[in-house]
Amino acid sequence: MSMPEAAMKILLSRPAVPAPLDSNLSPLILAKRNYLKAVAAASSKGVFCMFGMEGSPTCLEWALPRSDGCARYKLPVLPEDHAYIEASIYLAGVLIQEMLWQRSASELILCGPAKVAEAVKQMFSPKGMYDFEIH
């Protein structure tokens, strides 16, 4: 599965100084910066979960349990009816994949808006976008 068009519009961002070996480089840090600006602009509530308000309906949270602890992350998401909701889903998948590579885990636990959580769950299910990560 390729990146959805909605995700491309928000997440693809070129650095001010182009990389000499890859002129199409779009660093994840720039994607997250643009994404967080889009979330803040879409919803005044979208900023609150970044400041530790528990249980915010505008955040997707995940946990990766391991034998020696648990890795967690919280990502503000666009409202479920937003035209670019696919950017939230796509970015969550990329960040979860990165955490799996860094830390490994025995399972993925999701909590957040139903549409986003279900889409991410499907991405990490058999025959999903990240099927290879779970086998």
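**Cysteines, core and fold of a predicted model**

User: Is Cys70 buried, partly exposed or exposed, and why?
Analyst: Let's start with the number: in this predicted model, Cys70 has a relative accessibility of 46%. Buried means under 20% and exposed means over 50%. Because 46% falls in between, Cys70 counts as partly exposed.

User: How far is Cys111 from the nearest cysteine sulfur?
Analyst: A disulfide is a covalent bond between the sulfur atoms of two cysteines. To count as one, the two sulfur atoms must lie within 2.5 Å. Cys111 is in no disulfide, and the nearest cysteine sulfur, that of Cys59, is at a distance of 9.9 Å.

User: How many disulfides does the structure hold?
Analyst: A pair of cysteine sulfur atoms has to be within 2.5 Å to count. In this structure, the number of disulfides is zero.

User: Which pattern does the chain follow along the sequence?
Analyst: Happily, there are few pieces to keep track of here. The chain has four helices and three strands. Read along the sequence, they give α-α-β-β-α-β-α.

User: Which helix gives the most to the largest nonpolar core?
Analyst: This core has 31 residues, and Leu11, Tyr35, Leu60, Trp62 and Val120 have the most contacts inside it. Elements that each supply at least two residues include helix H1 (5-11), strand S1 (59-66) and helix H3 (85-103). With 11 residues, the one that gives the most is H3.

User: What percentage of the chain's residues is buried?
Analyst: Here a residue is buried when its relative accessible area is under 20%. Of the 135 residues in the chain, the buried ones make up 39%.

Methods. Residues are numbered from 1 along each chain as its sequence is written. This is a predicted model: local features need pLDDT of at least 70, side-chain atom pairs count only at pLDDT 80 or more; totals for chains, interfaces and linings use all residues. Side-chain values use heavy atoms; hydrogens and water are left out. A nonpolar core is a set of buried Ala, Val, Leu, Ile, Met, Phe, Trp, Tyr and Cys residues joined through side-chain atoms within 4.5 Å. Buried means under 20% relative accessible area, exposed over 50%, partly exposed in between (1.4 Å probe, protein chains only).
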